[in-house]
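Please study the sequence and the structure shown below before attempting the exercises. Each task is followed by a worked solution.

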2 protein chains.
Amino acid sequence: MKTNGSSPRRNKRERQTQLQQLISEDPFLTDEDLALRFQVSIQTIRLDRLELGIPELRERMRHAASENYEKVRSMAGTEIVGELIDLKLGESGISILETNREMAFKKTSMVMGHHIYSQAESLAMAVIDANAALTGVSNIKYLQPVESGDKLVAKAEVVRVRGNKHFVHVLIQNRQVQVFRGKFILVTMDTIKEEQP
Amino acid sequence: MKTNGSSPRRNKRERQTQLQQLISEDPFLTDEDLALRFQVSIQTIRLDRLELGIPELRERMRHAASENYEKVRSMAGTEIVGELIDLKLGESGISILETNREMAFKKTSMVMGHHIYSQAESLAMAVIDANAALTGVSNIKYLQPVESGDKLVAKAEVVRVRGNKHFVHVLIQNRQVQVFRGKFILVTMDTIKEEQP
DNA sequence: ACTGAGATTAGCATCAGGTACTAATGAACC
DNA sequence: GGTTCATTAGTACCTGATGCTAATCTCAGT
């Protein structure tokens, strides 16, 4: 019953922990690859995976693929950062951004400013009633640090429209306390775009 | 020789373009799935893929998986947006950002402001000589629209340091012409962080 | 109506990377 | 010697393909 310290027959335990690590680092390893790496038979690897509940290569790929697909899609494919909660076109809007470790400095786990800015700016773009617009000017103040995991609520309000210029204020709160204030001047297109055909 | 308008025997051309689109939208479709969708045999789908040079499901998965792996890693895992080209700590720095479709509005293919801002802010953070810092204030002007594909060169310069406040100016150029100007006040930590333990 | 070309389908052998299961062998321990 | 756990071997089968050959279908041109 002693848990056989170093060589439990043929260091199964050790191999399995290593195997788990290896696969998590590189999910694209076949059983054959692993068998070679550990100098055991393929069957042993299969047994190990079975015991550890590690799915086969294809499953792992399927997983990694669709998982990252989602991530990339939601990071890049979208025009608004965060989730749009409320929108009165031309007037005001609210969005929520759930921050995570990836948005933060590793060292301090404080959310990097540009993620907060992105929520604000993209919300500002969303509220103005225009087919196409660009940011002209912005005036930003970060009032309080934001920690990874915090849930940011942004409120945007159009305060003035003059010609093709839209003045939008955005406030962001984290648990009722203000962490960000931004003033944006957004410019609708067809006027700034007098460049190439 | 007439390019047979609508039904070129059995709308092969049409099917192939649709197929290409379908697969690019969802790379996880098997030949069988596709065969059902188009009401043709699996063999036809295989021929189509062959003609179009579309690899098999597993290849596509492998691709998507590792590609997005990279993407997620480079978008999320990194603290600086763009590529750091030059850095004199505490003085100045240069970074380059290659913009792409994903950074742009689909409608206009103009790069969204917050991507440009992110390059600027993260470069500003990089140049100041501090273990940990946060953005306090920023003053931003977008001078010219940036199109998807443009290569942005950002130059940051520390203009003044007063206590824990660092004043950094960032200019971004696109093909020698200025497109962005930003003034940042960055605050080093251990002073702003007087909140929770 | 006949021919020929292109489009589509069928069928089969083969492969990779597995699952699932059975059984043999090895080693260690008492 | 017997028991137990670890490892290996071997077989049948599965999916989603490739690669190849061959048959059929459809239509346009003459």
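The following exercises concern a predicted model.

**Exercise 1.** State how many helices and strands chain A has, and give their order.

*Solution.* Begin with the totals: chain A contains five helices and six strands. Next, read the elements from the N terminus, which gives the order α-α-α-α-β-β-α-β-β-β-β.

**Exercise 2.** Locate Ala154(A) in the secondary structure, and decide whether this residue is buried or exposed.

*Solution.* First, find the element: Ala154(A) belongs to strand β4 of chain A, residues 151-162. Second, count the C-beta neighbours of Ala154(A) inside 10 Å, which number 27. Third, apply the cut-off: a residue is buried if 20 or more other C-beta atoms lie within 10 Å of its own. Ala154(A) therefore counts as buried. For the chain as a whole, 29% of the 197 residues of chain A count as buried.

**Exercise 3.** Determine the separation of Ala154(A) and Ile96(A), both along the chain and in space.

*Solution.* Along the chain, Ala154(A) and Ile96(A) are 58 residues apart. In space, their C-alpha atoms are separated by 6.2 Å.

**Exercise 4.** Describe the side of chain A that touches chain B.

*Solution.* Start with the contacts: 41 residues of chain A are in contact with 39 residues of chain B. Then identify the elements that give two or more residues to this side of chain A, namely α4, α5 and β3. The most comes from α4(A), with 11 residues. Finally, sort the residues of this side by character: 20 are nonpolar, 13 polar and eight charged.

**Exercise 5.** In which sense do β3(A) and strand β3 of chain B pair, and over how many bridges?

*Solution.* The two strands, β3(A) and β3 of chain B, pair in the antiparallel sense over five bridges. Within this pairing, Asn139(A) stands opposite Asn139(B).

Notes. Residues are numbered from 1 along each chain as its sequence is written. Chains are lettered from A and ligands numbered from 1 in the order in which they are written. This is a predicted model: local features need pLDDT of at least 70, side-chain atom pairs count only at pLDDT 80 or more; totals for chains, interfaces and linings use all residues. Helices (H or I, at least four residues) and strands (E, at least two) are DSSP runs, numbered from the N terminus. A residue is buried if 20 or more other C-beta atoms lie within 10 Å of its own, exposed if 12 or fewer, and partly exposed in between; C-beta atoms are placed from the backbone. Two residues are in contact if their C-beta atoms, placed from the backbone, lie within 7 Å. Ala, Val, Leu, Ile, Met, Phe, Trp, Tyr, Cys and Pro count as nonpolar, Asp, Glu, Lys and Arg as charged, and the others, Gly among them, as polar. Two strands pair if DSSP finds at least two bridges between them.
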